[in-house]
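Here is a colleague's note for someone opening this entry for the first time. The points below are meant to be read beside the sequence and the 3D view, one at a time.

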Amino acid sequence: MTHVERLPRERTYLMSPPEHFVVEYAINPWMDVSTPVDTELAVKQWEGLRETLVRLGHQVHVLAPETGLPDMVYAANGAFSVDGVVYGARFKYAQRIAEAAAHRRFYEQQGTWNFVAPVETNEGEGDFAYLPDALGGGVILAGHGFRTEVAAHSEAQEVLGRPVISLRLVDPRFYHLDVALASLDDRTIVYYPGAFSAASQAVLAQLFPDAVVADEEDALSFGLNLVSDGRHVVLNSEATALAAKLRQAGYVPVPVELTELKKGGGSVKCCIAELRP
Ligand SMILES: CN(C)C(=N)NCCC[C@H](N)C(=O)O
């Protein structure tokens with residue numbers, strides 16, 4: 001057991017309730033249109049997640065869900081912000097394209113953000129993670145291979161003014177970065193190496209020798225799709241083995257049940273965009 005004291009930092013999040021959540025199309029290997037979805041249960045579980053974040057002392061903004069956009073609950077995909085600048089999303093699949101405008105309106109209505117519309121296809125925090133204090137400053141880790149185009153990585157670097165480390169995802173079950181890797185605090189990550197190309201695994205091992213390393217079972221239980229405030233790690237309740245590894249590393253796992261939203265191919269992190277003013 002690590003005896004480092006892990007200190008939490010208050011966060012601001014954006015979430016959108018799954019009032020219109022169904023699985024009527026399949027754009028990732030987890031989605032099966034023949035599996036029934038209990039929308040009411042999805043809303044109840046989502047509310048449990050929101051209440052958990054509030055109980056931990058975080059601020060949660062709510063983005064109104066829109067009919068015909070069942071995946072809008074996965075709010076992490078809508079944009080990526082760093083120090084007041086928002087790099088907007090441009091979704092790969094037609095079914096989700098309209099979500100980007102809803103997120104853009106949110107930032108514009110707040111009036112405090114510098115919103116930059118993207119040219120390149122990218123799915124927001126689904127494929128971008130931010131470490132404010134790693135490797136000498138703020139660093140962006142970025143995934144490509146299934147959704148976000150690699151050209152979006154250099155676009156994000158130009159827009160956000162932070163170095164972007166490009167990582168190639170190779171396993172379709174882990175089609176976004178945020179199901180394979182997460183930041184635990186300002187400089188520490190947890191990740192499943194098997195989701196990445198051999199070269200990207202080497203990059204991660206070189207840059208993050210202190211990372212918590214997850215295995216396939218942790219990733220398949222959507223454990224890596226987590227949100228951490230530096231101390232409390234909110235993660236899918238099915239990820240018990242990963243929770244034990246995180247506890248061992250000095251973090252406090254906070255399990256939440258999100259079985260319905262797993263049917264759309266997402267869990268905790270997918271439902272939460274972090275706002276970094
Ligand atoms: C990394 N993940 C899982 C997310 N950030 N979002 C989940 C998106 C799920 C949606 N049905 C889709 O396939 O786009």
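1. A starting point is aspartate 218, which, once its neighbours within four places in sequence are left aside, is in contact with Gly223, Leu224, Ala241, Leu242 and Lys245. Aspartate 218 has its place in helix H5, made of residues 216-220, and with a relative accessible area of 2% it is buried. Please keep in mind throughout that this is a predicted model.

2. Leucine 181 can be read in a similar way. Leucine 181 is found in strand E9, residues 181-183, and its relative accessible area is 3%, a value that counts as buried because the cut-off is under 20%. Which residues does leucine 181 contact, leaving aside its neighbours within four places in sequence? They are Ala129, Leu141, Leu167, Ile189, Val190, Tyr191, Phe196, Leu204 and Leu224. Leu224 is thus named among the contacts of leucine 181 and also among those of aspartate 218. As for leucine 258, which lies 77 residues from leucine 181 along the chain, the C-alpha atoms of the two are separated by 19 Å.

3. The next item is an open sheet of 3 strands, in which the order is E6-E7-E8 and the pairing is mixed. Its edge strands, each of which pairs on one side only, are E6 (128-134) and E8 (164-168), and from one strand to the next the twist averages 25°. The mixed character can be followed pair by pair: E6 and E7 run in the antiparallel sense over 5 bridges, whereas strand E7 (residues 137-144) and E8 pair in the parallel sense, also over 5 bridges. In the pairing with E8, histidine 144 has arginine 168 as its bridge partner. Helix H3, residues 151-160, packs on this sheet and touches E6, E7 and E8, with a direction that makes about 160° with that of E8.

4. Strand E6 deserves a separate remark. How many of its 7 residues are buried? The number is 5, and E6 is accordingly described as mostly covered. Tyrosine 130 stands opposite isoleucine 140 in E7, and the hairpin that E6 and E7 form has 2 residues between the strands, with leucine 135 taking a positive phi near 55°.

5. A further open sheet of 3 strands has the order E2-E1-E15, and its pairing is likewise mixed. The edge strands here are E2 (59-62) and E15 (273-275), each pairing on one side only, while the twist averages 35° from one strand to the next. Strand E1, residues 12-15, pairs with E15 in the antiparallel sense over 3 bridges, and within that pairing tyrosine 13 has glutamate 274 of E15 as its bridge partner. Helix H2 (residues 99-110) packs on the sheet, where it touches E1, E2 and E15, and its direction makes about 140° with that of E1.

6. Strand E13, residues 232-236, is worth inspecting from the inside: 5 of its 5 residues are buried, so the strand is largely enclosed by the rest of the structure. Strand E12 (residues 227-228) pairs with E13 in the antiparallel sense over 2 bridges, and valine 227 stands opposite valine 234 in E13. In the hairpin of E12 and E13, with 3 residues between the strands, glycine 230 takes a positive phi near 105°. E13 also pairs with strand E14 (residues 252-256), this time in the parallel sense and over 5 bridges, with proline 253 in E14 as the bridge partner of valine 233.

7. The last point concerns the ligand. Which of the 17 residues around the ligand come nearest? They are Asn28, Arg96, Asp178, Gly264 and Cys270. Aspartate 178 places a polar side-chain atom 3.1 Å from a nitrogen atom of the ligand, and aspartate 71 has a polar side-chain atom 2.9 Å from a ligand nitrogen atom. For arginine 147, a polar side-chain atom lies 2.8 Å from an oxygen atom of the ligand. Taken alone the ligand exposes 380 Å², and the protein buries 100% of that area.

Notes
Residues numbered from 1 in each chain as written. Predicted model: local features only at pLDDT ≥ 70, side-chain atom pairs only at ≥ 80, totals over all residues. Heavy atoms only, no water. Pairing = 2+ DSSP bridges. Helix = DSSP H or I, 4+ residues; strand = E, 2+ residues; numbered from the N terminus. Axes fitted to C-alpha atoms, helices over the stretch in contact; angles between N-to-C directions. Contact = heavy atoms within 4.5 Å. Near = heavy atom within 4 Å. Polar contact = N/O pair within 3.5 Å; in protein donor to acceptor, adjacent residues only side chain to side chain. Areas by Shrake-Rupley, 256 points an atom, 1.4 Å probe, with all protein chains shown as cover. Buried < 20%, exposed > 50% of the residue type's maximum accessible area, 1.4 Å probe, protein only.
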